[in-house]
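Visitor: I'm new to this structure, so please walk me through it slowly. I'd like to see it first and then start asking.

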Amino acid sequence: MTRPLSRRPISRRRLLQGAGAWAIASPMFAGISAAATQEMPAIPALVSFLAGRSPRWERLRLELPSLADNGQAVPMRLTLSGPFASGSAPQSIHLFSEVNPVPEMAVFEFPVTPPKVEIDSRIRLAGSQHVVAVAVMSDGALFAAVSEVIVTIAACLDGS
Amino acid sequence: MADSRINLAAATRQGEAIEVRISIRHAMETGYRTDDGGKPVARNVIRNFACRYNGVPVFAVRMSSGIAANPYLRFFVTARESGTLDFEWVDDAGARGMAQAAVKVV
């Protein structure tokens with residue numbers, strides 16, 4: 001004797017609907033978790049600079065091309081979104097490289113609070129890597145941003 | 001030493017942001033390169049760059065070989081009053097560079 005099925009069998013339509021919803025939702029969750037717990041690249045100079053402090057992954061943006069043809073000059077833009085409270089003005093932004101022989105690439109300093117923090121420059125990259133920027137505020141708050149770059153022709157290796 | 005090119009708006013309203021663009025001619029020798037004879041070329045990069053607005057420091061950069069040759073910088077300064085922006089930089093060899101630009105605030 002066959003027992004009647006206690007559950008309604010899942011129809012093909014229900015299954016596809018569920019799969020579709022999961023496919024849409026899962027990258028969104030991945031994005032949220034990546035923003036909240038961004039992993040700090042292991043750069044000794046950066047670790048000693050942070051000295052145990054953990055910056056927040058907000059407000060600061062480090063824009064680099066995802067693919068740089070030539071590591072000798074890679075365009076870079078740093079943006080720190082305001083507004084800046086009088087007690088928490090930007091003091092400096094430190095730039096660290098994961099692969100370069102000199103990991104401390106540059107420090108941008110603000111003796112007075114600028115109208116907006118947007119800095120463009122061109123950097124050298126000795127290979128594909130993460131570049132990290134850390135902004136230091138006058139109240140000691142730290143904001144960080146990371147960018148990953150693939151470099152096809154590395155600086156330094158070019159012997160010309 | 002090196003010369004530079006500076007780009008500023010012709011005039012800026014008081015309290016608004018002045019967009020400053022400067023490009024300095026400098027090889028920014030990394031110290032990892034060899035010359036045609038195979039001898040290493042000594043490191044010589046601009047170490048410090050500073051910008052003063054009517055004598056008051058408003059922006060500075062500590063550089064390394066991580067900044068590309070012929071350093072280019074774009075940054076913002078609050079327009080207070082008409083005057084000058086003074087730029088000064090010094091490299092590993094101790095050579096100093098200077099440049100000046102007039103700021104017109106309306």
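Visitor: Which residue of β8(A) stands opposite A:Ala135?

Guide: First, a heads-up: this is a predicted model, in which local features need pLDDT (the predictor's confidence in each residue, from 0 to 100) of at least 70, side-chain atom pairs count only at pLDDT 80 or more, and totals for chains, interfaces and linings use all residues. Residues are numbered from 1 along each chain as its sequence is written, while chains are lettered from A and ligands numbered from 1 in the order in which they are written. Now look at β7(A) and β8(A), residues 142-153, which run antiparallel and are joined by 8 bridges. Across from A:Ala135 in β8(A) is A:Phe143.

Visitor: Which glycine in the hairpin of β7(A) and β8(A) takes a positive phi?

Guide: Strands here are DSSP runs of E with at least two residues, helices are runs of H or I with at least four, and both are numbered from the N terminus. This hairpin has 4 residues between its strands. The one with a positive phi, near 90°, is A:Gly140.

Visitor: How many residues of β7(A) are buried?

Guide: A residue is buried if 20 or more other C-beta atoms lie within 10 Å of its own, exposed if 12 or fewer, and partly exposed in between, with C-beta atoms placed from the backbone. Strand β7(A), residues 129-137, is largely enclosed by the rest of the structure, because its buried residues number 8 of the 9.

Visitor: Which residue of β7(A) stands opposite A:Ile93?

Guide: Two strands pair if DSSP finds at least two bridges between them. β4(A) and β7(A) run antiparallel, with 7 bridges joining them. Facing A:Ile93 in β7(A) is A:Ala135.

Visitor: And on to β5(A): which of its residues stands opposite A:His94?

Guide: β4(A), residues 90-97, is joined to β5(A), residues 104-109, by 5 bridges, and the two run antiparallel. The residue of β5(A) across from A:His94 is A:Val107.

Visitor: So what are the edge strands of the open sheet?

Guide: Follow the order β2(A)-β8(A)-β7(A)-β4(A)-β5(A)-β4(B)-β3(B)-β6(B)-β7(B), an open sheet of 9 strands with mixed pairing. Going from one strand to the next, the twist averages 20°, where axes are lines fitted to C-alpha atoms (for helices over the stretch in contact) and angles run from 0 to 180 degrees between N-to-C directions. The strands that pair on one side only are β2 (67-70) of chain A and β7 (96-103) of chain B.

Visitor: How many residues of chain B are in contact with chain A?

Guide: Two residues are in contact if their C-beta atoms, placed from the backbone, lie within 7 Å. On the chain A side, β5 and β6 (117-123) each supply at least two residues. That side touches with 27 residues of chain A, and the matching number from chain B is 26.

Visitor: How many residues on chain A's side of that contact are nonpolar?

Guide: Ala, Val, Leu, Ile, Met, Phe, Trp, Tyr, Cys and Pro count as nonpolar, Asp, Glu, Lys and Arg as charged, and the others, Gly among them, as polar. There are 5 polar and 7 charged residues, and the nonpolar ones number 15.

Visitor: What is the bridge partner of A:Ser121 in β5(B)?

Guide: β6(A) and β5(B), residues 72-78, pair in the antiparallel sense over 2 bridges. The partner of A:Ser121 is B:Leu73.

Visitor: Which residue of β7(B) stands opposite B:Trp89?

Guide: β6(B), residues 83-91, pairs antiparallel with β3(B), residues 46-53, over 7 bridges. 8 bridges join β6(B) to β7(B), also antiparallel, and that hairpin has 4 residues between its strands. Across from B:Trp89 is B:Gly97.

Visitor: How many strands does chain B have?

Guide: Chain B has 106 residues, 30% of them buried, and its C-alpha trace spans about 55 × 20 × 20 Å along its principal axes. With 0 helices, its number of strands is 7.

Visitor: Is A:Ala45 buried or partly exposed?

Guide: A:Ala45 sits in helix α2(A), residues 44-50, and touches A:Phe96, A:Pro103 and A:Glu104, leaving aside residues up to four places away in sequence. Because A:Ala45 has 17 C-beta neighbours inside 10 Å, it counts as partly exposed.

Visitor: Where in chain A is the pLDDT below 50?

Guide: The mean pLDDT of chain A is 83, and 74% of its residues reach 70 or more. Where pLDDT is low, the predicted coordinates should not be read in detail. The stretch below 50, with 1 contact beyond near neighbours in sequence, is residues 27-36.
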